[in-house]
Amino acid sequence: MHLLAPIRLLAQVTEEPTTEPSGIDLLLPASSELIAGLIAFAIIFVFVWKWVLPVVDKRLAARQEAITSQLTAAEATKLEAESLLADYKQQVARARDDANRIVDEARQAADALRTDSVSKADAEAVEIVRKAREEAAGERQRAAGAIRDEVAALSLAVAEKAMAGAVDAKAHQKLVEQYIAELGALRP
Amino acid sequence: MPADDRIDGYAAAILEVARAEEQLERVGDELFRIARAFEASNPLREALTDPRIPVERKMGVIDDLLGTKTSPLTVNLVGFVVSAGRASDLPAIADRVAERAANARDKAVAEVRTAVELDEATIARLTTALNKATGKDVEVKVVVDPTVIGGVVARVGDLVIDGTVSHRLEQLRETLNQR
């Protein structure tokens, strides 16, 4: 109100009892209003230029600096996050590789163990069969030998008894004559 | 004293006594037969070698067995060996006496075993055949041994010529056992 008082006073001074306006004058302000408006504008402009704009600029600069700082921090955080993510991915990949390697090694060990076990079992089975066959063959040979010896002993016992009864005086004499003939073929 | 020396000593003593009595051949032959009977008869061997049986009883056994069949000198010589406690050496002593007696006549003893007695003609032909086969002048001493079953086995020193049925059966047994 205090600032508008001179403008209002100036408007009262310039206002003259005039005729009623018409035409373009209906659109254009009165000169007094125009001047008062220009002065008011200039005062406001100076006020804004002098006091308001620096404050605004200062706040905008601070704001910009804060935003820039935040953007920088965000960028650093982003880089750090990307680095962490890369590390994490690397660790995950390494862990996956390790896991795959461990699984492969375990599978290979299991395969080797299974193969070894199967080989040993096969070898043991072959050895058991071989020993069984050898024992069977040995037992068969022993049995055959025992039977052969028994048959030989029985045959000879029968032969001895038969010979003892069959060799009469004539046969004895023939055997002695045969012996004497065989002695004749010997040389000292 | 080693057994061999002891046997030699007894054989030499018996040989000298028999030679002094001029019964060398007969004593040698009778001792040889007695020794074979001693080997073949377990009861006789046990009766003459058992230390628990008194010497007098052993002498009685000798008299009973040999008294009428052999010369008194042979009986006395056998009694001498038995009374000295050397009855177990009797076969070896008899063999040594026969060997020495034969050697004294430049002959070798041929112990001939058969299942049956041989007649004189067969013994003569056998002696001739053994002379040719061994290259020695042998004196055949026949031993009747039924275990030979048939045929003849002759032993002259270390040489054995076996043509007995029992030997052939034994060879057959060995052949069968080897197969």
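What follows is a walk through the helices, core and strands of a predicted model.

Chain A can be dealt with quickly. It holds three helices and zero strands, so its order along the sequence reads simply as α-α-α. Of its 188 residues, buried ones make up 3%.

Chain B offers plenty to look at, starting with helix α2. This helix takes in residues 24-40 of chain B, and its 17 residues, at 1.5 Å a residue, should span 24 Å; the C-alpha atoms at its two ends do sit 24 Å apart, so expectation and model agree. Buried positions in α2(B) include B:Leu24, B:Val27, B:Leu31, B:Phe32 and B:Ile34, and also B:Glu30 and B:Arg36. Among the elements covering these buried residues are α1 (3-20), α4, α5, α6 (90-104) and β2 (138-144) of chain B.

One of those buried residues, B:Glu30, leads on to B:Thr70. B:Thr70 sits in the loop that links α4 (55-66) to α5 (72-83) of chain B. Despite the loop setting, B:Thr70 counts as buried, because 20 other C-beta atoms lie within 10 Å and 20 is the cut-off. Setting aside residues up to four places away in sequence, B:Thr70 touches B:Glu30 and B:Val75. B:Glu30 is 40 residues away along the chain, yet the C-alpha atoms of the pair are separated by 6.8 Å.

Next comes the largest nonpolar core, which has 43 residues; B:Ile93, B:Ala94, B:Val97 and B:Leu130 are the ones that touch the most other members. Helix α6(B) gives the most to this core, supplying seven residues. The core also draws on both domains of chain B, with at least three residues from each of domain 1 (1-105) and domain 2 (107-179). As for B:Ile93, its contacts beyond four places in sequence are B:Ile7, B:Tyr10, B:Ala11, B:Ile14 and B:Val81.

That leaves the strands. Strand β1 of chain B (residues 108-114) is mostly covered, with six of its seven residues buried. β1(B) pairs with β2(B) in the parallel sense, over seven bridges, and here B:Arg113 stands opposite B:Val143. Getting from β1(B) to β2(B), the chain passes through helix α7 (residues 120-134), making a right-handed β-α-β crossover. β1(B) has another partner in strand β3 (residues 152-156) of chain B: the two run antiparallel and are joined by five bridges. In that pairing, B:Glu111 stands opposite B:Arg155.

Note on methods. Residues are numbered from 1 along each chain as its sequence is written. Chains are lettered from A and ligands numbered from 1 in the order in which they are written. This is a predicted model: local features need pLDDT of at least 70, side-chain atom pairs count only at pLDDT 80 or more; totals for chains, interfaces and linings use all residues. Helices (H or I, at least four residues) and strands (E, at least two) are DSSP runs, numbered from the N terminus. A residue is buried if 20 or more other C-beta atoms lie within 10 Å of its own, exposed if 12 or fewer, and partly exposed in between; C-beta atoms are placed from the backbone. Two residues are in contact if their C-beta atoms, placed from the backbone, lie within 7 Å. The expected span of a helix is 1.5 Å times one less than its number of residues. A nonpolar core is a set of buried Ala, Val, Leu, Ile, Met, Phe, Trp, Tyr and Cys residues joined through C-beta atoms within 7 Å. Domain bounds come from an automatic or database domain assignment. Two strands pair if DSSP finds at least two bridges between them. A crossover is right-handed if, with the strands pointing away from the viewer, the path from the first strand over the helix to the second runs clockwise.
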